[in-house]
Every structure is written in C-alpha cells, then in structure tokens.
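Student: I'm new to this structure and would like a close look at a single part of it. Could you walk me through the empty space shut up inside, and then what lies around it?

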Amino acid sequence: MAGTSDLDRVEAPVTMKTYLMCAFAAFGGIFFGYDSGYINGVMGMPYFIELFTDLKRADFAEGDDGFSLPSWQKSLITSILSAGTFFGAIIAGDLADFFGRRNTIVAGCGIFIVGVILQTASSALGLLVAGRLIAGFGVGFVSAIIILYMSEIAPRKVRGAIVSGYQFCITIGLLLASCVDYGTQDRSDSGSYRIPIALQMLWALILGIGLMFLPESPRYYVKKGNLPEATKVLAQLRDQPLDSELIQQELAEIVANHEYELQVVPQGGYLHSWGNCFRGSLFDSSSYLRRTILGTSLQMMQQWTGVNFIFYFGTTFFQDLGTISNPFLIGLITTLVNVCSTPISFWAVERLGRRPLLIWGAVGMFVCEFIVAIIGTVDGQNPKSVQAMIAFICLYIAFFASTWGPGAWVVIGEIYPLPIRSRGVGLATASNWLWNCIIAVITPYLVGTDEANLGAKVFFLWGSLCVLCFLYAYFLVPETKGLTLEQVDKMMEETTPRTSAGWKPHSTFAQEMGLTEKKGELNEVEVSPPKAEIGDAAV
Ligand code: BGC
C-alpha cells in the first residue's frame, strides 16, 4: 500500500495561471449577491412605487409607511426570483452533464440577460414579474453550476479558498446593490429603477464572455468518456504539458473513481439516474441518499443561521429600535463587515478545515445572537444598549462571513461522487434558494408590529437555530480539506463525520481498478484508452 507522501505527489504544482483561471468563475457570485440585494431598495423607491401603484408621494406625510407597495406585490416580486432559481438550479444539473459545465453557465448568463431586458423594459407588474422569473432561471443555472465547475477544476490544495472566492463575490454583489440603489433612489425618472436593474447585464456579459476562454471541466469529459479532451483541458488547467506524468496520474484517478462508481451504482434511464441521488441507506454516511440529504440540509441550515434577516430586514429592524438616526448607514455597515470578513475564510478553510470552521462559526454566531436577544429584551430602549446590539450583530455577521457563508458552498462542491455530482449540487443550491425564500416570506410575520411582534426577541430564535447548526456540523459534516474529490469519496466510505478528519489517503482508485502499474511509486499510470491515444490529443 502506498504511503501518504507518495499519494500527496499525485498533483501538479499550483501556478498563478492555474489559480487565476479557477478563480475567475467566482465572479458568478456577483450575480447572486447583486440580484438578492438590489430589489429591496428598488421596491422602496418613490418613483417605482408611484409607477407600479396608484399611490402618490405628495399624499403622504414624511415617514408615513402607507406610501409603499402592498405586501402581496412585494412578496410576489421578491419570491418569483427564488421560484425561477429553484427550478433553474435543479434543471441545470442535467444540462451540465449533457452540454458541459461551462456551456450551461454561459447559457445561464444568456437567459439571465433576457430576463433583465424584460425587467428593464417593464413599467407594470406583469412584465417585471415575468422578467424576474426568467432571470431567476438564469441565476439558478449560474449559482449551481459555478460551484460544480469551480470544485471540479480547482487543485485540491486551494479548492476551498477558490470556492470561498465565490462567497466573497456574493458579498461584493450585495454591497454593489446597496450602493447603486443608494445612488439612484431619489431620481424622479425611470432611471431610478432601470439603472440598478440594467446594470446586472454587465455581470452576465463579463462572466459569459470570460468563461468562453476557459477550459471545460475534465470530469465532464471523463463522464462523457472523452479522455483525449479530458487530458487536454486538465493540462491547460494545471499549466502542464500534455504528456506530463502528473496530468496522467491525476486523470487516471478521476477515471478510475468514475469507473468504480459506475460499477457500484447500476445505470439506467433518465428517471433511474435521478433515482440514484436517493439510493442507499439513511444510516450509511457515505450513501448517495445521505450525501443528497447532507448537501440540501447544509444549505437549509446556512439559511437558518438567520443572516438574511439582517440583509433583507435589517433596515426596518434598526428603524423599529427607534434610537438609530440613520438605519440605512447601519445597513451599509453590516454589508461592509460581510465583505471584509469573508477573506478570512480563504486562509481558514484550508488551514483549519471545513468542519472546525462550521462548528466554531456556529458557536460564535449563537453566542452573539443570544447576547443581542438578551440586551434587546432587557434594555432595548437605551441608546447605549442599542449600540452594543449593533456591535454584536456586526460580530455575528463576521462569524457568518468567515465560516458558514463560504463553508456551506465549499462542502456541497466536494461531497458528491461524479455520477450524481451535478444533480446533487443543483439540489443543494435549490435548497438554499427555497429556504432563502421561505425565510424572506415568514420573517415579516415574526417581527411585524401588527403580527407576532417579536422585536429583538427574534434573535432568540436565530440563536437557537445556530445551536442546531453547531450540533449539525459536529455530528454530520465530514472533513474534506486537502483531499482530491476522488479521495473525498473514499474517505466518506471509510469514516464517519466525526472520524473523518484523521483519515489519510492510503490507496488510489487507479490502483484498485488496475488503471495504474505501480512500480515502487505512483509514477507509472496507464489510463484506458491507452496512453498513446491520450498523448495524441492536440492542445
Ligand atoms: C447565502 C446568502 C446570503 C449571503 C450573504 C450566502 O452564502 O447563501 O443567502 O445572503 O451569503 O453574504
């Protein structure tokens, strides 16, 4: 059995070119963040309200909250995007297996642009809602398949950091959305809402055009059985010559893992292959069913941390506290804290690992949330207490941004075996959007002064949910740091989440499947079809 050091050598060094190629796709996060962020501001713009309702600004006194869109309209405009993203993310998995990861993302950008054009042209509810539904479809494609693509092309040592870059772009998108909304909100023409909406086309154009110059995922070609192309794109991604031994070793492992999985899981028609996502026992932590549940529930738990309460309803919450002179500024500060704390994860996710990040992140969040709830309940009217609450809310955001924000995306990109990977990531992303939407719909009922009116006590709820996040991470999330996606697969078969961190690679799929001729070390790899055929592929 080969030692760990031999197995560690099975990868090319990470060059700057490799790094930049893999990191470019993170740009897709801007879509996600901007799209979730801009609509709240637009729905509060006076010009927009006058155009989309019969209300007139002049008929209302300053600060009268009667001058706003009716709740059903707000709810429809907000949630229709999530409906689009939910279905887009689910469908995208199949398309990514059929047409390729890169093509599916580029198609997502195209669909998104069509949706944005309709929204920009709209001056009534029907077209706006149709545009948001279509744009949502595109965001669903992009948000699911970017994670899949990045996880599949990134070298294992920096995979966590690269996928965290996606979360960083989400936070920048949210920040950009608040800045653009802030800049156009007082315009007395259609530019007030059309500028923030139309600007999104730029993100889609940059991502779509940029991706056309990047290679496809080698794992897609392996799935398709096209090894010459798989070799070619892997060599490009690793910045190595086509006949490099390191490339052949890495590819041999991907191929062997895929062949192994195909032996374990019988293949069948379309429905049968969807059914594979739900195969196996609930009590086996490596079964496909458990992995599908792990990915979808991890994204649900990420939403249960309550972070979007701050981003969607923070302004109203701070306004209701009464002692804050500029709630919009506080909203901007929380968004900035979100951006600035995310880069901590680039380091932490690779140094500390995914499990500790999620476990300690949940602890940090629940402590901060309980403190906010206690201060708010005991002494919520005192300006000094309110300042302390804001400070702890910022600390809570910093914990989220450096742990659960990126961590949930990193883990869902790593836990699925190739036969169900694209659908698994799609389902997990759809779960994120579904829970995002559910929380957006129910939260106003929890805090509304005419409803449950929980006020600061709502943080007891979020704090308790973060305790669940802690237990969830401790008992259910495996450690995937530093392993190739194929090693993750083996680790999940041989360990439980709690013993996973100590697992070391001890053999390769290539050895087990007879795709490598081991001569002392792992340096003589034969991939089927034979080496000569692979080597003949043009770059
Ligand atoms: C979450 C979003 C959230 C954002 C905040 C993402 O990881 O999925 O729902 O708004 O982080 O930065």
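Tutor: Here is a walk through the largest cavity, followed by the packing found elsewhere in the chain. Keep in mind that this is a predicted model.

Let's begin with the empty space. Rolling a probe the size of a water molecule over the atoms shows where space is left empty. In this structure there are five cavities of 30 Å³ or more. The largest cavity holds about 180 Å³ of space. Its lining is made up of 18 residues, and those nearest the centre are Phe32, Gln167, Ile170, Leu174 and Asn308. Which elements give two or more residues to that lining? They are α3 (28-43), α8 (159-184), α15 (288-304), α16 (307-321), α21 (404-412) and α22 (418-447). As for character, the lining residues split into eight nonpolar and 10 polar, with no charged ones.

Asn308, one of the residues nearest the cavity's centre, gives us a handy link to glutamine 303, since Asn308 is among the residues that glutamine 303 touches. You'll find glutamine 303 in helix α15. Is glutamine 303 buried or exposed? Its relative accessible area is 4%, so it counts as buried. Leaving out residues up to four places away in sequence, glutamine 303 also touches Asn432, Trp435, Asn436 and Ile439.

Now for the nonpolar packing. The largest nonpolar core has 137 residues, and Phe48, Trp404 and Phe459 have the most contacts inside it. Helix α7 (residues 125-153) supplies the largest share of this core, with 15 residues. Let's zoom in on phenylalanine 48: setting aside neighbours within four places in sequence, it is in contact with Val42, Met43, Leu69, Ile77, Leu128 and Tyr193. Another core, of 14 residues, lies apart from the largest one, and its members include Leu227, Ala230, Ile247 and Leu418.

One last stop is valine 488, which sits in helix α24 (residues 485-494). Why does valine 488 count as buried? Because its relative accessibility is 0%. Not counting residues up to four places away in sequence, valine 488 touches Arg159, Glu414, Ile415, Thr480 and Leu483. If you want to look further along the chain, tryptophan 503 is 15 residues from valine 488 in sequence, and the two are 9.8 Å apart in space, C-alpha to C-alpha.

Conventions:
Residues numbered from 1 in each chain as written. Predicted model: local features only at pLDDT ≥ 70, side-chain atom pairs only at ≥ 80, totals over all residues. Heavy atoms only, no water. Helix = DSSP H or I, 4+ residues; strand = E, 2+ residues; numbered from the N terminus. Buried < 20%, exposed > 50% of the residue type's maximum accessible area, 1.4 Å probe, protein only. Contact = heavy atoms within 4.5 Å. 1 Å grid on protein atoms, 1.4 Å probe; cavity = no way out; pocket = protein on both sides within 12 Å on 5 of 7 lines; lining within 4 Å. Points joined across faces, edges and corners; volume = space filled by probe spheres on them. Nonpolar A, V, L, I, M, F, W, Y, C, P; charged D, E, K, R; others polar. Core = buried A, V, L, I, M, F, W, Y, C linked by side-chain atoms within 4.5 Å.
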